[in-house]
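Trainee: I would like a close look at a single part of this structure. Please take one strand and the charged pairs around it, and go through them slowly.

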Amino acid sequence: MRDLLGRSLVVRGREAILAYATVLEELCRLNDQLGEADNLGHFLTTPAALRKKPCLVLLKPEPQDACPTVQGFVGALLLFEYAVYGVGLKIYASSDFSGRRNVLGPEQLRARFCIEAWSVLRRRGAHIVFVDFQVCGSRDTTSLAIPGMLRKATRGRAQWALLESIFPMYLRLLPTVDATLAGIGQKTRANLRYYKRRAERELGCCFVPQAELDLEEYLAFNRVAAFSVPEAVAAARYAALQTLKSPWVCGLRSSDGRWLSIVTGWKRHTALEIEWQMNRADLPRYSLATVMRSYVIEHAIAEGFERLYIEGGTQQALQNSFERERVLELTVLRRSLYARLVQRFARQFFPADNHLGRILGSTDLQ
């Protein structure tokens, strides 16, 4: 469904949004976000996304904007509306905590895009909008400018909160393994090498850079993996691999042919992204997660990649070596009884691990 209002176009529904995939990919190419929209279909069909209603807000430029456009659009926001039994709850939130894929367009305009999107969605009945987005500029031109823009846009009709965090984004890969590992803490570097040699010596493990697993094998490994997920979720993850432009599955095998660890993700331009990693639960002393990370780093460097992203989280020690970038989190609440009730009962309304729920339920948030 398309809904045109002023300089904005709101597109709802997965198929309708996918029709604008090439627009989003080109916006990324023009604004130093290369590849961030390449797997749009995947992010619209994750188990979490399927429980919500996707909403794409496309923005046209203002007269003073001297930025390239794609089919007349200068920016875009991808949000998801919470829903119960298919009924939208007028609560919208972005889904990528790193802020990389939520707001597309010129960096200096991303804050303005978020506020314009709030105004557009408010006129369509939205009560709460949460969006996080990546910024690299100075505080003077981003977070310090937002309060003034918000006061002008909301005119007292909404409450808002702005949080800033420094997000560990990716591991920078240098031309050689030694050069890359030199930037990692000494203990972590030693562990990567020690556990890899130990697994090779005692388990006879070998790295399979292009692993081929059918659904039955994938589900079977999930059953013996640490932190296994319900079979329906594992099947959905496997199906999601088929939607990726450049899917990547690698694994570790022991000398007797057993899978020890499996990693799934995708390749995009100069970056390699890990989405999920599964390791056997019955071999904890071998630290298979560390072994796999060691092999993946070596493989990524050999293939010429410059960045390694780990979507599903990583050990804190390795994460300490990641490049850090600024992410702003903007939450806007309409001054309405509905929004106040959601905020008041946020801990009951949202799951315990829900990020928006934690923000709304915070007692010290101003």
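Mentor: What follows is a walk along strand β12, its neighbours and some salt bridges. Keep in mind that the model is a predicted one.

Start with the strand itself. Of the 9 residues in β12, 7 are buried, so the strand is mostly covered. On one side β12 pairs with strand β11, residues 259–268; the two run antiparallel and are joined by 8 bridges. One pairing to find is that of tryptophan 266, whose bridge partner in β12 is glutamate 273. Between β11 and β12 there are 2 residues, and the two strands form a hairpin. Histidine 269 sits in that turn and has a positive phi of about 55°.

β12 also pairs with β13, this time in the parallel sense, over 4 bridges. Here isoleucine 274 stands opposite isoleucine 310 of β13. Together with α11, the strands β12 and β13 make a β-α-β unit, and this unit is right-handed.

Now the charged residues. Side chains of opposite charge can pair when their charged atoms come close. The whole structure holds 24 salt bridges. Glutamate 273, already met as the partner of tryptophan 266, belongs to a network of salt bridges that also includes Glu36, Asp96, Arg100, Arg101, Arg268 and Glu311.

Within that network, look at glutamate 311 and arginine 101, which form a salt bridge with their closest N and O atoms 3.2 Å apart. Glutamate 311 is in the loop between β13 (307–310) and α12 (316–319), while arginine 101 is in the loop between β5 (87–93) and β6 (103–104), so the pair links parts of the chain that are 210 residues apart. Buried means under 20% relative accessible area. Arginine 101 has 11% relative accessibility and therefore counts as buried, whereas glutamate 311, at 28%, counts as partly exposed.

Two further salt bridges involve residues numbered after β12. The side chains of arginine 280 and aspartate 282 meet at 3.0 Å, N to O. Arginine 280 is buried because its relative accessibility is 16%; aspartate 282, at 45%, is partly exposed.

The other salt bridge joins arginine 285 to glutamate 202, with 3.8 Å from N to O. Arginine 285 lies in the loop between β12 (271–279) and α11 (288–302), and glutamate 202 lies in helix α8 (residues 186–203), so this pair ties together parts 83 residues apart in sequence. Glutamate 202 counts as partly exposed because its relative accessibility is 39%.

Conventions. Residues are numbered from 1 along each chain as its sequence is written. This is a predicted model: local features need pLDDT of at least 70, side-chain atom pairs count only at pLDDT 80 or more; totals for chains, interfaces and linings use all residues. Side-chain values use heavy atoms; hydrogens and water are left out. A salt bridge is a side-chain nitrogen of Lys or Arg within 4 Å of a carboxyl oxygen of Asp or Glu. Buried means under 20% relative accessible area, exposed over 50%, partly exposed in between (1.4 Å probe, protein chains only). Two strands pair if DSSP finds at least two bridges between them. A crossover is right-handed if, with the strands pointing away from the viewer, the path from the first strand over the helix to the second runs clockwise.
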